[in-house]
Amino acid sequence: MSLRSIINIVLITIMIIYMPAFATVIKIPEDYQTIQEGLNNHSEGDTILVQPGIYYENLSDSSTTFTLASRYIITGDTADISSTKIDGGGSGHIAKFAGYYYDPSYMIGFTIQNGQDLKGGGLYIQHSYFTISNNIFIDNNVISDGVDKACGGGIYSAGYETIIENNIFIDNTAEYNLFKDGVGGAVYICNGDAYIYNNTFYDNTSFGNTSGGGAVYCINTNVDLRGNIFSENTSNWGAAAYIFVSGTTNVINNLVFNNYGGGILLNYFRNSLIANNTIVSNFWAGGLTCIDAINPLFLNNIIRDNETYEILINSSIYPTVIYNNISGGWDGIGNIDNDPLFRDPDNDDYHLMATYCGDPYDSPCIDIGHPESIDTLMDCNWGLGDSRSDMGAYGGGDYETVDIEEQTYLPESYSLLTSYPNPFNASTTISFTLPEQTEASIAIYDITGRLVKSFGKRTYPAGASSINWHAEGLTSGIYFVNLNAEYITNTRRVLLLK
């Protein structure tokens, strides 16, 4: 991955008409010796670029939006993640970001280690739109003070929107004290919207009599949990993920195995999709637990060989369980009870066998999912269904996300919303709202102000609209999305990572 220009650019001037923003690259340790000095001296939208090394710091910022990144955003080399460390020294949050950030801030490409506090041993985030991507969180800890629960060994977030993607969480813990539990050994999120995508959670732990979420604990949150791997995490309940009192919950394409305290526990949620997960060989508290749900839909999952039970659905209204492979069987259309023939489960390979890929057998889970679902990634490491989705974590991918806080009113102003995903690889969805039907145009500029994509002017209806941008042929880096409508110009920053 290349972002050749970012190192040499200190002041980024974007054409005023299209993007009224100035951004600077602050280099650590060239411009300032410490990361904290860089934070103290940044302006809105600046990038703080950190060279490899170990930084023994406890960071804080409450001013304005920023990107805090290692050289990984330039090189794409994961060695830059493991060699750029922020060490909390076992005392306090490694970073506390508690400003009212209404545009997204980013933290990309670090090893975050040895933080300790009551909430958020690694990162503590509040009142923010924050994206945390391509980091390693290791050996961070929260300990209850006996009055309040300990929450989020790696990350605590009470932000407006939290995006956690492509990170690795290892050996993070949430510990109880004087009968107050620890919850969310790796991640704790309350309030707002949470997008937890493509992370690996290994050997994270929450302690306490009623502890939950050895890896992930979410409460009062709309949750999209997708494409993650959970293994060897421990708690009393929901050792992989405990999602409690949520609005919309989507649990899609996750691999959950060998966790101690069950797999995933969903408690009091509504209108949610649980699809194409592989939940196998979890101990003590079952594979998938669903309590007090309204209209949950379970499809294309493989749920087998879990201790105590495979699925427990309790006090729920209109659950639908169809097209799943469940040990012991389950009533419902398309459900089966067959050995899924994983490729090499003894070595944690839960892809499905296929003779096309050189395996001795074809898994009975290939091409047998819901007839209206399809495999959007087709190769031996993903789906193999020719006409419909495979079951399990590597099939599917063609699901529309259940609406989060569906808008039922017209907006009062022209607004360019946060693109999702951001950062992104290959494509992102640009969303915006208009108070009335009007002509509008979307244009995208690179970091030098060069136009790289224009969607042209067209008439859009009042309310919410979106455009999908495919960034083929462009290099990794920062781009600016510009909405122009009725003499109003809005600009937002997006980050392409390849």
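Where is Tyr318 found? Look in the loop between strand E37 (311-314) and strand E38 (320-322). Keep in mind that what you're viewing is a predicted model. Tyr318 has a relative accessibility of 66%, so it counts as exposed, since the cut-off for that label is over 50%. It also has company out there: together with Ile294 and Ile317, Tyr318 makes up a nonpolar patch on the surface. Between them, these three residues offer about 330 Å² of accessible area.

Now let's move to the strands. Start at E26, which covers residues 216-219, and step across to E29, residues 241-244. The two run parallel and are joined by four bridges. If you want a landmark for this pairing, find Cys218, which stands opposite Ile243 in E29.

From E29 you can step on again, to strand E32 (residues 264-275). Here too there are four bridges, and E29 and E32 run parallel. Ile243 is a handy marker once more, as it stands opposite Leu266 in E32.

While you're in E32, stop at Asn267, which is found in that strand. Is Asn267 buried or exposed? Its relative accessible area is 11%, so Asn267 is buried; the limit for that is under 20%. And what does Asn267 touch, leaving out residues up to four places away in sequence? The list runs to Tyr242, Ile243, Phe244, Val245, Ser246, Ile291 and Asp292. So Ile243, the marker from before, turns up again among the contacts of Asn267.

For a sense of scale, pick out Gly45 as well: Asn267 and Gly45 lie 222 residues apart in sequence, and their C-alpha atoms are 38 Å apart in space.

Definitions and conventions:
Residues are numbered from 1 along each chain as its sequence is written. This is a predicted model: local features need pLDDT of at least 70, side-chain atom pairs count only at pLDDT 80 or more; totals for chains, interfaces and linings use all residues. Side-chain values use heavy atoms; hydrogens and water are left out. Two strands pair if DSSP finds at least two bridges between them. Patches are made of residues with over 30% relative accessible area and no salt bridge: like charges are joined within 9 Å, nonpolar side chains (Val, Leu, Ile, Met, Phe, Trp, Tyr) within 5 Å. Accessible areas come from the Shrake-Rupley method with a 1.4 Å probe; for residues, only the protein chains shown count as cover. A salt bridge is a side-chain nitrogen of Lys or Arg within 4 Å of a carboxyl oxygen of Asp or Glu. Buried means under 20% relative accessible area, exposed over 50%, partly exposed in between (1.4 Å probe, protein chains only). Contact means heavy atoms within 4.5 Å.
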